Amino acid sequence: MDDKEKGTTVRRRLPSLIIAALVLALTACGSGTDDTGTSTPTDAALKVGVSPVPHGEILTYVKDNLAEKAGLKLEIVEFTDYVQPNRALADGQLDANYFQHIPYLDEEKAAKGYRFTALKPVHIEPLGLYSKKVRALADLPAKGVVAIPNDPSNSGRALNLLANNGVIKLREGAGVKATTRDIVDNPKQLQFRELEAAQLPRSLDDTVASVINGNYAIDAGLTPATDALALEKAEGNPYANLLVVRDGGDSDPRVRKLEELLHSPEVKTYIDGRYKGSVTAAF
């Protein structure tokens, strides 16, 4: 082939090469990629794993009232425990999850090596002590059985709730990682039984009292603001629930849209009106 023929061939190929480059560029602009290398079109539904209450209810409000106008498609996947949502996110079955607070997330990352990024706090579910047997803390019977969550972050949280209300006394400096071994004074000689968080509402038939996470309390028909013998304060509470993604997932335009909607005045008004203090907005 002479130089003239080569030049003609190159000119003929240029349009197709340019078109191919444009297609690749447009494809890159129309997708989000996390650190796993997973690329998803930005017009695809964002799949988010949630606890049914209040997370699922809050996200359903967003889906039904705000998402369409923002150009966001949502797929909500409900889980009834605290283990599966992180596993499903790590496996790529979810794009994000919304069920946990920072202390629990840190615990999971340390134990399982998850490469996750937490976004901004959305809401707080105050932990509470509930009972079917007594109506006041002073009425807790000697040597009674009190159930608490069995995951370290929430068991320490439960013990601090009891300590802050004078039921027990913890070793100085025990902090949020307190365990039953840190109890230095237990005037009523209460016996502590650690259970999976989802089982705590059912345990009320067998215990004198149980410390129950807010989402499971509400799901069981309890009203934390009025039914709890003792309830965490929302102010300064480090246990705000938030959206979590795989590392790099926070750059996904769909995630950014959802973050904006979750922190909108409309969502704050919904939380305040729907839960009346049993769940509070953290923004």
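**View 1. Burial and overall make-up of the predicted chain.** Of the 283 residues in the chain, 46% count as buried, in a model that is predicted. The exposed surface of the chain comes to about 14400 Å², of which carbon and sulfur atoms supply 51%. Its secondary structure consists of 10 helices and 15 strands. When contacts between residues at least 6 apart in sequence are considered, 73% of them join residues at least 24 apart.

**View 2. The open sheet of six strands and its edges.** The strands of this open sheet follow the order 4-3-5-14-6-15, and their pairing is mixed. Strand 4 (74-78) and strand 15 (280-281) stand at the edges with a single partner strand each, so that one side of each has no neighbour in the sheet. Strand 3 (residues 46-50) runs parallel to strand 4 and is joined to it by five bridges, with V50 standing opposite E78 of strand 4.

**View 3. Strand 14 between its two antiparallel partners.** Strand 14 (241-246) is mostly covered, six of its six residues being buried. With strand 5 (96-101), strand 14 pairs in the antiparallel sense over four bridges, and here L242 of strand 14 is the bridge partner of Q100. With strand 6 (116-124), strand 14 likewise pairs in the antiparallel sense, over five bridges; in this pairing H123 stands opposite N241 of strand 14.

**View 4. Helix 2 across the sheet.** Helix 2, which comprises residues 52-70, lies across strands 3, 4, 5, 6 and 14, and runs at about 165° to strand 4. Helix 2 is also among the elements against which the buried residues of helix 10 pack.

**View 5. The buried face of helix 10.** Which residues of helix 10 (residues 265-275) are buried? They are V267, Y270, I271 and Y275. Seen down the axis of helix 10, these buried residues fall within an arc of 95°, and they therefore line one face of the helix. In an α-helix there are 3.6 residues a turn, so residues three or four places apart point the same way. On the other side of helix 10, P265 and T269 are exposed. The buried residues of helix 10 pack against strand 6 and strand 15, as well as against helix 2, helix 7 (214-219) and helix 9 (253-262). Just after helix 10, K276 takes a positive phi of about 50°.

**View 6. A cluster of aromatic rings around F99.** The structure holds seven aromatic pairs. In one of these, the ring centres of Y82 and F99 lie 6.0 Å apart with their planes at 35°, so the pair is tilted. This pair links distant parts of the chain, with Y82 in the loop between strand 4 and helix 3 (84-90) and F99 in strand 5, 17 residues apart. Y82 counts as buried because its relative accessibility is 10%, under the 20% cut-off, and F99 is buried with a relative accessible area of 4%. F99 also pairs with Y104, their ring centres being 6.1 Å apart and their planes at 75°, so this pair is edge-to-face. Both F99 and Y104 are buried. Ring pairs link Y82, F99 and Y104, together with Y216, into a cluster.

Notes. Residues numbered from 1 in each chain as written. Predicted model: local features only at pLDDT ≥ 70, side-chain atom pairs only at ≥ 80, totals over all residues. Heavy atoms only, no water. Pairing = 2+ DSSP bridges. Contact = heavy atoms within 4.5 Å. Axes fitted to C-alpha atoms, helices over the stretch in contact; angles between N-to-C directions. Buried < 20%, exposed > 50% of the residue type's maximum accessible area, 1.4 Å probe, protein only. Arc of directions from axis to C-beta. Areas by Shrake-Rupley, 256 points an atom, 1.4 Å probe, with all protein chains shown as cover. Phe/Tyr/Trp six-rings, centres within 6.5 Å; stacked < 30°, edge-to-face > 60°.
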